[in-house]
Amino acid sequence: MTARDPVGRDAEVAQLVELVRLPRDRGMSVALVTGPPRVGRSTVLDAVAAQHDGPVLRAHGLPWESARPGAVLNQLVGSAGLEVDLGLGHGSDADPLAAAARLRDALVAGDAAGAPGRGPSPADDADAAAGEDAAVLVVVDDLHEADAESLQALASLRRHHPDAAVRLLLSIPTGGASHTESAAASGLLADLADLRIELGPLDADAVAALAARRGIALAPWAVERLRAHTGGRPGPIAALLAESEPATWAEPAGELPAPAGTTADVRRRLGDLAPPARRLVEAAGVLQPDGGLALTGELAQVDDVWSAVDAAVASGLLRVARPPGAPRVRLSDPMVAAAVRAQVGTAGVRALHLRAAGLVADPADALTHRVAAAAGPDDALAHELDAAAETFAAQGAWGRTATLLADASRLSSGRRERESRLTRAVDALVGAGDVHAALALLPEVESLRETPLRDAVLGYLAILRGRGVDAHAQLDRAWAIVNADREPATAALISQRFVLDALCRGAWTELVTWADRAVALGGAESAEGVESAAIRGLGLVAVGEVEEARRAYAGLRETVRHGAQAQRVLLGTGWLLLATDEVAAARAALERAVPLSHHGGSTRISLWARAWLARAQFRSGDWDEAVRTATEGLDLVDASGIVLTRPLLGWTLVQVHTLRGDDEAARRALRGTESAPQDYATMRVPTLLARAALAQARSDHEGVVAALTPLTDPLLAEAVSEPGYWPWVEPLVSALVGLGRLAEASDLLTETEERVGARGGPPSAVARLARARGRLEAARGNGNLAAAREAFETALEQLAGTPLRVERAHTLFAFGQVLRRAGKRGDADPLLTAARDGYAAIGARACIERCERELRAGGVRGRSGPEGARAERAPTDLTPQERAVADLVAQGRSNREAADVLFLSTKTVQYHLTRIYAKLGVRSRTELAARWDPDD
C-alpha cells in the first residue's frame with residue numbers, strides 16, 4: 001500500500017473506475033471530483049488513473065499559468081509525447097473550437113498507434129487484451145487554476161465530439177474557479193459532468209487506518225479529536241501525524257497544533273493584514289469557537305470594526321455569521337485558530353484571556369478565560385469553578401458542568417479535591433454524551449481509590465457503551481458501598497443510573513422503583529430527580545399505566561419548560577406518544593428534543609430522540625426523512641461514542657432499504673447494527689427485528705423465525721411486553737404460519753392477544769395482531785375464511801384515520817393475498833391494487849413488485865367479456881399463476897422460496913412447474929431461466 005492510496009475512499013474510486021472503464025463505443029464521458037481543499041481530490045484521481053488499462057494524459061492547473069493560453073492542453077499533449085500545435089498560444093487569435101478538433105484528432109491518432117505517452121513494454125503486451133477496448137483517460141487536476149482557453153477547448157471537445165472514446169476526469173475544489181475568465185468554462189464543464197462526486201470528511205475508521213499506516217495506534221477519543229481538529233481532511237491529518245510527537249496522541253488535555261503548512265500560511269496572511277484587522281483575528285482566536293462581533297472588537301481594541309472584519313474575511317482567516325441577534329465571528333477552522341494563537345505567543349494569549357475575563361458577561365465564560373490564563377494550581381479559582389459547576393449540574397447542563405469540573409480538577413492542589421472533581425467531570429461528560437472525551441480520562445479515573453461515585457461513573461459510561469453486564473456490576477457495587485443517610489445526593493445519582501440501566505434492560509417495574517427512589521433521595525427538582533421522572537413515564541407505559549404516564553409528563557412539561565432538562569421531558573413525551581400511535585404529536589415532540597441547542601443539551605438524549613423520530617417518520621411513510629434522520633444519528637453515534645442507540649437507528653434503515661428493494665444497502669445497515677454490543681434489550685431487540693425484516697423481504701420464513709424466536713425467552717418477557725415499543729409478535733406468527741407450524745403460531749398469538757386486550761393496546765398493535773390472526777385462520781382452511789375476513793376487517797378498522805400508511809398497506813396486501821389463495825380473485829384484486837397504490841405512495845418498490853406478482857397470479861385483469869369469462873388461451877399459454885411461478889423460478893428462487901412469496905404450498909409450485917416445462921418445451925430450471933422473458 002503506497003502513501004498515495006486513498007484511505008477511506010473505496011466507494012468513490014470504484015464509482016469513477018466504473019465510469020472510466022465504460023466501453024469505447026459509449027463515447028465521451030465526464031466525471032467531476034469536488035470537495036474542500038486538502039480533502040484528497042488528487043489522491044483519488046491518482047488511484048483511478050492507476051487502475052486504467054488504457055492511455056492516460058495528465059495535466060494540473062497552476063495559478064501562475066492561468067493567464068497563459070493553452071497551458072493545460074499543452075501539458076496534456078506533452079504527457080502523451082505528442083507534438084501537436086493546438087493553436088492556443090496566440091492570445092486573441094486562439095480558437096478553442098479548432099483546438100478541440102485538433103486535440104480529438106491527436107488523441108485518436110495516438111490511441112491508434114498504441115498508448116499516448118507510453119512506449120511498448122512487456123507489461124503493455126501483457127495488458128494489450130485488457131486495454132484494447134479502453135478509452136483515453138484525460139485527467140485535469142485543480143481545474144479552478146486552469147487557463148480559460150484550455151477549459152473552453154475541453155468544453156468544446158465534450159460538446160462537439162460526443163462520440164470520441166475519451167474519459168475526462170476533472171477536479172475542482174468546492175467554491176469553483178478563482179479566475180473570472182475561467183469561471184464560465186469550468187462551470188460549463190461541471191454542468192456537462194456525467195458523474196459528480198463530492199469528497200467529504202474521512203470517517204473514524206479511515207482516520208484510524210491513516211494513523212496505523214504510520215505506526216500510530218489512536219484510541220477512539222484521539223481519532224475523534226483529530227477528526228474535529230482537521231475537519232476529517234486527509235491532508236492535514238497526514239501532516240499532523242507526521243509532524244507531532246507520539247505523546248501528543250496520548251494526552252487528552254491541551255491543544256492540538258496546526259500543521260506546519262497551515263502555520264506558515266497563517267503567518268503570511270497575518271503579516272499582510274493591517275494592525276486593526278490582525279488584532280481582530282487574534283482576539284477571535286482567543287474567543288473561539290464563536291465570539292460576538294462587538295466583544296471581539298472590544299477585546300481587539302479596534303474602533304472601525306467592520307473595516308477590520310472586511311479585511312480579515314478577505315484574507316480567508318475569519319468568517320462572519322449573522323444569526324438572530326448580534327453578528328458573530330470565528331476563525332475559518334480549528335487549525336487556523338491554533339496557528340493564530342501560536343503566532344500570538346503564550347504571553348500574548350494569556351494577556352488576551354485576562355482581558356477577556358473582564359469583558360465577557362457570562363460569569364462561567366469569565367472563569368474559563370481565567371483558567372486559560374492560570375499558570376499553575378489555584379485552589380481559590382478551583383473552588384469558584386466547582387461552585388459554578390454545581391449550578392449548571394442542577395440544570396442538567398452537563399457539557400458546561402464537565403468543562404468547569406475538569407478545569408477545577410487540574411487547578412486543585414489537594415489530592416482528594418482533585419480526584420473528586422475529576423470523577424464528577426467524567427460523570428458530566430457521560431451525561432453530556434461525550435463518551436470519547438470520557439474515555440480519554442477513563443484510565444485516570446480507574447486508577448483512583450474506590451468510592452460510590454467512582455463506581456457509579458464507571459457504570460454510567462458502561463451503559464452508554466452498551467456494556468450492560470459491566471454497567472450492572474459497577475452500579476451494584478456503588479449501591480452496596482454508599483451510605484444513603486450520609487450521602488443522599490450520591491445515592492440519588494446511583495439510583496438515577498439504575499433507572500437508565502433498567503430502561504435499557506426493559507426492566508420496567510425496576511425502572512419505576514428506582515425512579516421513585518431517586519426522587520425521594522435527591523428531591524423532585526434535583527437533576528437526578530427530574531431526569532428519573534422524565535424516564536419513569538416510559539416504565540409506566542410498559543406496565544400498562546398509560547394514563548398515569550400522560551399525567552406525569554403533563555406535570556413535568558408545566559414545571560420544566562426550558563434548558564437541558566426540558567430536552568429530556570420532550571424525549572419521554574415523544575416516546576410515549578409514538579408508543580400510543582399519536583405519531584404526528586410524537587414527531588413534533590421528538591423534533592424539539594433532537595437539537596443540541598438546549599443550553600448544555602445532552603448528546604445522549606438527542607440520539608434517543610433521533611432514533612425514535614426516525615421510527616415515527618418510517619411509520620408515517622416519510623422514508624426519505626427517516627433515512628436522513630437515522631443516518632445523521634449514526635454519524636452522531638460515531639462522533640460521540642454512544643453506541644447504545646446504534647441498533648435502534650439501524651433497524652429503521654434496514655426496514656426502509658428492504659422495502660425499497662435495496663438489499664445491499666439493507667445488509668450494510670444490518671452489519672452496522674450487529675457490530676454494536678447486544679447486552680441490553682434496547683440493543684438486542686431492534687437488531688433481531690432488523691434481521692427479521694431482511695429475511696421477511698426475501699420471504700424467508702425460517703430466517704424470520706430464527707431471528708425472532710429468542711424474543712420468546714421468558715427472561716425477555718418483560719422487556720418485549722409493550723407492543724407499542726417492539727412489534728415482534730406479528731412477523732413471527734406470520735412466519736410460523738408460512739412454515740405450517742400452526743399450533744405454535746396459535747399459542748403465541750392467543751397469549752399476546754389476551755395480554756394486549758387486557759391492557760388496551762394501541763390501534764397499531766391490535767391491527768398487527770388481527771392481521772396475524774387473519775393469516776392463521778386462512779391457513780386452517782377455507783372453512784375458516786369468514787374468521788380470516790373478520791380479522792383483516794378488524795385490522796383495517798383499527799388503522800382507519802391513522803397516519804400509519806405502512807401498516808395499512810401491509811394489511812391490504814395480506815388480506816388480498818389470503819383471498820387470492822382462497823380463490824376469491826375478484827375480491828382480492830381491489831385490495832391488492834389498493835395495497836400497490838399505498839406502497840407506490842411511499843416508494844416501497846419491493847412491495848410493489850409483490851403486489852404486481854399477486855395481481856398477475858390472480859389473473860382478474862386477464863378476463864374479458866360481460867360475464868368476466870376468460871379470454872381465449874391457447875393450450876401452450878401459461879396461466880397467470882404459472883407465469884408468476886415461472887418468473888420466480890427464472891430469478892433463481894427455489895420451489896420453497898417461490899411458495900413462500902406466492903403464499904402457496906410447495907407441492908402446488910411443483911405442480912405448476914411441471915406444467916410450465918411441458919408448455920414451454922424445457923427440461924430444467926436452467927433452460928427456463930435462459931428462455932424466460934417476463935414481458936412476453
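In the predicted model, three strands assemble into an open sheet with the order 6-8-7 and antiparallel pairing. Strand 6 (291–292) and strand 7 (318–321) occupy the edges; each has a single partner strand, so one side of each remains without a neighbour in the sheet. Strand 6 is joined to strand 8 (residues 328–331) by 2 bridges, and the two run antiparallel. Within this sheet, Gly292 is placed opposite Arg328 of strand 8.

Aromatic contacts were examined next. A total of 10 aromatic pairs was counted. One of these pairs is formed by Trp479 and Trp514, whose ring centres lie 5.1 Å apart; because their planes stand at 90 degrees, over the 60 degrees required, the arrangement is edge-to-face. This pair connects distant parts of the chain, with Trp479 located in helix 23 (residues 468–481) and Trp514 in helix 25 (residues 508–522), 35 residues apart. The two partners fall into separate accessibility classes: Trp479 has 28% relative accessibility and is therefore partly exposed, whereas Trp514, at 10%, is classed as buried. The ring of Trp514 also lies beneath a charge, since the charged end of Arg517 sits over that ring, 4.4 Å from its centre.

An aromatic cluster is formed by Trp508, Trp575, Trp608, Trp612, Trp651, Tyr725 and Trp726. A cationic side chain is again found at one of its members: Arg615 lies over the face of Trp651, at 3.5 Å from the ring centre.

Conventions
Residues are numbered from 1 along each chain as its sequence is written. This is a predicted model: local features need pLDDT of at least 70, side-chain atom pairs count only at pLDDT 80 or more; totals for chains, interfaces and linings use all residues. Side-chain values use heavy atoms; hydrogens and water are left out. Two strands pair if DSSP finds at least two bridges between them. Helices (H or I, at least four residues) and strands (E, at least two) are DSSP runs, numbered from the N terminus. Rings of Phe, Tyr and Trp (its six-membered ring) pair if their centres lie within 6.5 Å; planes under 30 degrees apart count as stacked, over 60 as edge-to-face and the rest as tilted. Buried means under 20% relative accessible area, exposed over 50%, partly exposed in between (1.4 Å probe, protein chains only). A charge sits over a ring if NZ of Lys or CZ of Arg is within 6 Å of the ring centre and within 35 degrees of the ring normal.
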